[in-house]
Amino acid sequence: MIGPFIKKQFLLFIRNKQELLLLLGMPFILITILGFALGNIMNNNKPDIHAKVVFVEHGNEQEDFEKFVRDVKNIPMPVEQQEMLIKAAEKMLPITVLKHDVFGSEEIQPYIELVTVLPSDLNKIRKNESYTAIVEIPEHFSYLLLKNAMLGENVQPKLSIYVNEGKEITGKLVEDIIIAFQEQYSTFSALGKAGLLNDSFALPVVNIEGEMETVTKREPINSFTYYTVGMSVMFVLYIASYISSYAFREKQSHVFNRILLANVQKWSYIFGIFLTAMILGFFQLGILYGLAAVFYGVKWKNIMSFLAVTVSLCFAVGGLGAFLTALNYLMNSEKVSIFFSSTIVSIFAFLGGSFFPSGQISEFIRILGDFTPNGASMMAYLKILQGYEPSELVWPIGYLCIFGVVMFLFSLLAFPKRGRLS
């Protein structure tokens, strides 16, 4: 008797264009939209960063350097040592290094635009929201800094940095670059005071480079792959709601009464619902992943592991479908299925990470998500895509199977007996 149940549900599913659009068309559309919309973020592409930095100099660095040279030549020391200090100081001119070797370096120049303005324009520049930061350099800054670094004099020149509060990211970038430069300069200042610098010295360039790398050295997941998994494990849950809703309509249209007259056992009917939901879920996932492979190149490294997770997920969906059907019959209402599809699926999708990794919110949310059928299967799918060993899939596969069995047993307990059916 179970075979005709499954055949009947398949025919009804194929003929219902609205359900087909919801369960097959909608997830593919969402994969496309989210994949393109969030591609740059999840694919670790370089962000579009552009900072305008203003330099306001109250003095003249070349004059500061010439003044420092005169001071050095007045110090009673060998001529060779004087020449060494002068050559080292020429390579350590702070404003020149900061402008040309730091902000003007090949790595940083594409992101930062330098603008030099007169001190008289400082107040006007502060009111201009297009600038990211203003670096104000006081008079004799380079002279005092060279004396501190090369001659060990206890002077602490300071420059002022004004950051636009409306440009937090680029402002922080500029601030970090200057701090890194300051740390390097302080190191070599200490060497200068110790007399360890010579004319072959060159201040190293501040290089700020980086790349996104996973902690486990696994291959990163791009946006289309992530949302293919996220949307598929979310929308397969609607199969359970669809099956349970239609099963209750069979009761309203007295089809179920005719099934009872055929002396069909309660467990056979529920098991038929379970298998139907499981098979429909498998076909839905197969079609979605097939389309994703063709259009977005989502490939599976281990097809056997993929099939094992898919069957386990469908097993859990079958259990959910049977349980929702039993609750509908018990309450003599379709509201359980409606509530599940309108609310519970969205909650499961949020916890399970269908829209974004739930672990970014908190570890507790991530753990809760792993105990939802979609969250457990999503974790397993992503591990397959990242090349994990099959042994890493034992827990999610086992949990999905246990979840399906428990739901099926609950459905047997919750389904009303013949005398209570009305």
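Is His 140 buried, partly exposed or exposed? In this predicted model, His 140 counts as partly exposed, because its relative accessibility is 32% and the partly exposed class runs between 20% and 50%. His 140 sits in the loop that links strand 3 (133–137) to helix 8. Its backbone is also notable: phi is positive, about 65°, although the residue is not a glycine.

His 140 also belongs to the lining of the largest cavity. The search of the whole structure returned two cavities of 30 Å³ or more. The largest has a volume of about 60 Å³. Its lining includes the run Glu 57, His 58, Gly 59, Asn 60 and Glu 61, together with Asp 64. Ile 95 contributes as well. The remaining lining residues are Ile 137, Pro 138, His 140, Phe 141 and Ser 142. Two helices, helix 4 (61–73) and helix 8 (141–150), each supply at least two residues of this lining. By class, the lining holds four nonpolar, five polar and three charged residues.

A positive phi at a non-glycine residue is also found at Asn 332, with a value of about 55°. Asn 332 lies in the loop between helix 14 (303–331) and helix 15 (335–352). Its relative accessible area is 42%, so Asn 332 is partly exposed.

Tyr 227 provides a buried case. This residue lies in helix 10, which spans residues 223–235. Tyr 227 counts as buried because its relative accessible area is 2%, and the class requires a value under 20%. The side chain of Tyr 227 reaches the backbone oxygen of Phe 355 at 2.7 Å. Tyr 227 also pairs with a residue remote in sequence: Gly 35 is 192 residues away along the chain, yet the C-alpha to C-alpha distance is 6.6 Å.

The overall figures for the protein give the setting. The secondary structure comprises 18 helices and four strands. Of the 422 residues, 46% are buried. Contacts between residues at least 6 apart in sequence were also sorted by separation: 81% of them join residues at least 24 apart. The accessible surface comes to about 21,800 Å². Carbon and sulfur atoms account for 60% of that surface.

Definitions and conventions
Residues numbered from 1 in each chain as written. Predicted model: local features only at pLDDT ≥ 70, side-chain atom pairs only at ≥ 80, totals over all residues. Heavy atoms only, no water. Buried < 20%, exposed > 50% of the residue type's maximum accessible area, 1.4 Å probe, protein only. Contact = heavy atoms within 4.5 Å. Areas by Shrake-Rupley, 256 points an atom, 1.4 Å probe, with all protein chains shown as cover. Polar contact = N/O pair within 3.5 Å; in protein donor to acceptor, adjacent residues only side chain to side chain. 1 Å grid on protein atoms, 1.4 Å probe; cavity = no way out; pocket = protein on both sides within 12 Å on 5 of 7 lines; lining within 4 Å. Points joined across faces, edges and corners; volume = space filled by probe spheres on them. Nonpolar A, V, L, I, M, F, W, Y, C, P; charged D, E, K, R; others polar.
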